[in-house]
Amino acid sequence: MSHLESFQQLYQRACERKGGPDKLEALLSKPFSDEELTKIGDDRFLAEFTKKVFQSGFVWRVVRNKWPDFERVFFEFNIDKILLMPDEMLESKAQDPSIIRNFNKVKTIRENALMIESVQREHGSFARFVAEWPSSDIVGLWEYLKKHGARLGGNTGPYGLRAVGKDTFLLSEDAKGYFAKREIISGSSTSKRSLKAIQDAFNTLQQQSGRSMQELSQIIAYSVGDNFVQVESVE
């Protein structure tokens, strides 16, 4: 990690760019504790994954505005009810004008419900499975979602985890630019080699600071680039 700056260097620069420690701290958000995560219903994991799938490559505002109808049409994302839907019902719901009519994305709702139900059988609940996964290997959880879920690769799975409260860093454009500039990664930021290097960097920074991966991710983003505070993406 010879090219990785210390946490103190990153924090100082972020403070300078955001107007001081108090203003920077006001911008930072914290994840849920493991205990808080285990109390979240598995339906909320399915809902957040679905929301991120539909927001991918689409206008986020439109998805937010239609979300109450998504909740209504898909039984508040009740896992058991979703799994009971026959193909004909799924196709019919995909044509409902109150939601975004994209059948390929609608199909992921049942597919990801199957993934969650499979984890429930082994771990008791999907929430417990996610809570017990160590943030020191968060890229391993990303890989699990990509392999076993539907359309949860790239940033979709990580953004879904962040939205539900799991401690995870995000590979925003600012973060990827930082790691490339510091020569911690080269080429694709999503290659196994790059992801390991990034995870190792975050683990080092966490050891130095005691901060969550979420806070560290935000501090890195705020220390570089032309970033702005947004409603759903704080990096």
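Contact here means that heavy atoms lie within 4.5 Å of each other. The model is predicted: local features need pLDDT of at least 70, side-chain atom pairs count only at pLDDT 80 or more, and totals for chains, interfaces and linings use all residues. Residues are numbered from 1 along each chain as its sequence is written, and side-chain values use heavy atoms, with hydrogens and water left out.

**Figure 1. The whole protein, an all-helix chain of 14 helices and 0 strands.** Helices (H or I, at least four residues) and strands (E, at least two) are DSSP runs, numbered from the N terminus. Among the contacts with a separation of 6 or more, 68% join residues 24 or more positions apart. The C-alpha atoms fill a box of roughly 55 × 35 × 35 Å, taken along the principal axes. Of the 235 residues, 51% count as buried, where buried means under 20% relative accessible area, exposed means over 50%, and partly exposed lies in between (1.4 Å probe, protein chains only).

**Figure 2. Helix α4 meets helix α8.** Let us start with a pair of helices. Two packed helices are described by the angle between their axes and the distance between the axes. The axes of α4 (residues 42–55) and α8 (residues 103–123) come within 10 Å and cross at roughly 145°. Here axes are lines fitted to C-alpha atoms, for helices over the stretch in contact, and angles run from 0 to 180 degrees between N-to-C directions. On the α4 side, the contact is made by D42, F45, L46, F49, T50, V53 and F54; on the α8 side, by K105, V106, T108, I109, N112, A113, M115, I116 and Q120. By class, this contact has 10 nonpolar, 4 polar and 2 charged residues. In this count Ala, Val, Leu, Ile, Met, Phe, Trp, Tyr, Cys and Pro are nonpolar, Asp, Glu, Lys and Arg are charged, and the others, Gly among them, are polar.

**Figure 3. Aromatic rings in pairs, 17 of them in the structure.** Rings of Phe, Tyr and Trp (its six-membered ring) pair if their centres lie within 6.5 Å; planes under 30 degrees apart count as stacked, over 60 as edge-to-face and the rest as tilted. The rings of W67 and F70 have centres 4.9 Å apart and planes at 20°, so this pair is stacked. Both residues lie in helix α5 (residues 60–73), 3 residues apart, about one turn of the helix, and both W67 and F70 are buried. For F126 and F129, the ring centres are 5.8 Å apart and the planes stand at 45°, so this pair is tilted. F126 and F129 are likewise 3 residues apart, about one turn, in helix α9 (residues 126–132), and F126 and F129 are both buried. Ring pairs also link F45, F49, F126, F129, W133 and Y144 into a cluster.

**Figure 4. Helix α11, largely enclosed by the rest of the structure.** Of the 9 residues of α11 (residues 156–164), 8 are buried: T156, G157, P158, Y159, G160, L161, R162 and V164. These buried residues pack against α3 (34–38), α4, α5, α9, α10 (138–148) and α14 (213–222).

**Figure 5. G165, just after α11.** G165 takes a positive phi of about 115° and has its place in the loop between α11 and α12 (173–181). With a relative accessible area of 7%, G165 is buried. Leaving aside neighbours within four places in sequence, G165 is in contact with P31, F32 and L37. From C-alpha to C-alpha, G165 and F45 are 9.9 Å apart in space, with their positions 120 residues apart in sequence.

**Figure 6. S56, in the loop between α4 and α5.** At 38% relative accessibility, S56 counts as partly exposed. S56 touches K105 and T156, not counting residues up to four places away in sequence. S56 and T156 are 100 residues apart in sequence and 7.0 Å apart in space, C-alpha to C-alpha.

**Figure 7. F75 and E76, in the loop between α5 and α6 (79–83).** Most residues other than glycine have a negative phi, and most peptide bonds are trans. F75 has a positive phi of about 55° although it is not a glycine, and the phi of E76 is near 55°, again a positive value. F75 is partly exposed, with a relative accessible area of 25%, and E76 counts as partly exposed at 47% relative accessibility.
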